[in-house]
Amino acid sequence: MEKEKAEIAKFVEKHEKVQSLMRYVNKETLSEIYQKQPKNKAVGIDQVTKEMYGENLTENLEDLLARMKKFSYKPYPVRRAYIPKGDGKVRGLGIPSFEDKLVQGAFKEILEAIYEPKFKDFSYGFRPNRSCHDAIQKVNKHIMADKVNYVVDVDIKGFFDNINHEWMMAFLEHDIADKNFLRYIKRFLIGGVMEDGKRLETDKGTVQGGLISPVMANVYLHYVLDLWFDWVKNREFKGEMYMVRYADDFVCMFQYENEAHKFYELLKERLKKFGLEIAEDKSKIIPYGKFKGTKESFDFLGFTHYNATSHWGKYCLLHRTSKKKLKLKRKAVKEWLREHMHESIPETIRKLNTKLLGHYRYYGIYGNFMGMKKFYYYVKWELYRTKRRRDQSCWLTWDKFKAILKIHPIAYPKIYLKSAY
């Protein structure tokens, strides 16, 4: 859809509102979205897989488009699934039906084309060519190079579950004039959730797991938070202040303590207006930066960010895997190893290395090598314990295990993001 997205982006430059968006939801774009869908994914309540839908792809797409033109197409309720969050709680995910994934995929591409030119530069989450590492580097730059003395670390309570539908539609209507397009967005919002065989209404929130949920969340926070931040920055504050946002996870940085506290109070009122609330037990204002040098730290995007001194005696900002995330990762790898207890050691190591490389690529950031090394030794020891436990003969001694690792080594940590900023 790159050609179509470029066309929409040009239209956005010239006009206040975009129109005729439904023409981009056609057989060609839906076929392209179909090809992008991964195989062997969990199915929605329709129980249809990619392979099943593709057996009669042309006929299925033609039927879908015919129903959309007559407005008889209605999304299925999403199937609710739960995953552990690591703090004893669970996060609810929604799994759409396969046909709904296609339509949502097309809508997602269209929404990105409309809003990418509008989104602020300090917004990083779920945007093309932007990553968590980019957001972390931006935080580093502000703290190490700008006049930052205080950090406001904020957590929004249940953000995805509390998005107000009326405000969401009002924000979209501000930029989109195609009423049919908006009509289908509304249908996705109120499509409902299936849980334990019962259909639950969704009068607020957007279900995590839907293809359009991330971009819609960004649109919501663009109007609720990002534009407002720039507005109050220019009118209410005198000192330097910065924000870095990744979806609903964000940190704000201030030059003056009184302005940090003032912003925190204004933020609570601003979020309340749009149906959101700060989780005050998880939010804090801390002295931080090269002029403060405190032992305070804050967590952002799975890392604990803390003040440190370099080998040359200069201030620097370093990162380590947060305790919460590390505990979750250890628990996950321990459970995974138990599930693969009866595989051969070489086969388990082959699969394990794929997981470890993903871990290293994310957490392999400057200053976190020792943390990753500890995780490596934890995995190594758990692998030995698990394989030794699978029978009663105790044939696997530590020396035999080390000999196996020489032939089939466990992936060793590596730093992928080497610069501080």
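**Figure 1. Glu 109 and Lys 5 form a salt bridge in the predicted model.** A residue counts as buried when its relative accessible area is under 20%. Glu 109 has a relative accessibility of 9%, so Glu 109 is buried. Lys 5, its partner, has a relative accessible area of 14% and is buried too. The closest N and O atoms of the pair are 3.0 Å apart. This contact links distant parts of the chain. Glu 109 belongs to helix H5, residues 98-115. Lys 5 belongs to helix H1, residues 2-14. The two are 104 residues apart.

**Figure 2. Arg 23 pairs with Glu 7 in a salt bridge.** The N to O distance is 3.2 Å. Arg 23 sits in the loop between H1 and helix H2 (27-36), and Glu 7 sits in helix H1, so the salt bridge ties together parts that are 16 residues apart in sequence. Glu 7 is partly exposed, at a relative accessible area of 36%.

**Figure 3. A salt bridge within helix H4 joins Arg 67 and Asp 63.** The side chains meet at 3.0 Å, N to O. Both residues lie in helix H4, which spans residues 57-69. They are four residues apart, or about one turn of the helix. Arg 67 is partly exposed, with a relative accessible area of 21%. Asp 63 is also partly exposed, and its relative accessibility is 40%.

**Figure 4. Several salt bridges combine into one network.** The members are Lys 5, Glu 32, Lys 36, Lys 108, Glu 109 and Glu 112. Shared partners join these residues. The Glu 109 and Lys 5 pair of the opening view belongs here, as both residues are in the network. A search of the whole structure finds 24 salt bridges.

**Figure 5. Six residues form a positive surface patch.** The patch consists of Arg 91, Lys 282, Lys 324, Lys 325, Lys 329 and Lys 355. Helix H11, residues 323-339, gives the largest share, with three residues. Lys 325 is located in helix H11. The relative accessible area of Lys 325 is 32%, which makes this residue partly exposed. Patch residues need over 30% relative accessible area and no salt bridge.

**Figure 6. Asp 155 and Glu 277 are brought together from separate stretches of the chain.** The two residues are 122 residues apart along the chain. Their C-alpha atoms are separated by 8.8 Å. Asp 155 is in strand S3, which covers residues 150-155. Asp 155 is partly exposed, with a relative accessible area of 28%.

**Figure 7. The whole protein, for orientation.** The fold contains 14 helices and eleven strands. Its C-alpha atoms fill a box of roughly 70 × 60 × 40 Å, taken along the principal axes. For 421 residues, a compact globule would have a radius of gyration near 22 Å. The protein has 24 Å, which agrees with that expectation. Buried residues account for 48% of the 421 residues. Glu 109 and Lys 5 are among the buried ones.

Notes: Residues are numbered from 1 along each chain as its sequence is written. This is a predicted model: local features need pLDDT of at least 70, side-chain atom pairs count only at pLDDT 80 or more; totals for chains, interfaces and linings use all residues. Side-chain values use heavy atoms; hydrogens and water are left out. Patches are made of residues with over 30% relative accessible area and no salt bridge: like charges are joined within 9 Å, nonpolar side chains (Val, Leu, Ile, Met, Phe, Trp, Tyr) within 5 Å. Accessible areas come from the Shrake-Rupley method with a 1.4 Å probe; for residues, only the protein chains shown count as cover. A salt bridge is a side-chain nitrogen of Lys or Arg within 4 Å of a carboxyl oxygen of Asp or Glu. Lys and Arg count as positive and Asp and Glu as negative; His and the chain ends are not counted. The place of a charge is taken as NZ of Lys, CZ of Arg, CG of Asp or CD of Glu. Buried means under 20% relative accessible area, exposed over 50%, partly exposed in between (1.4 Å probe, protein chains only). The radius of gyration is taken over C-alpha atoms; the globule rule is 2.2 Å times the number of residues to the power 0.38.
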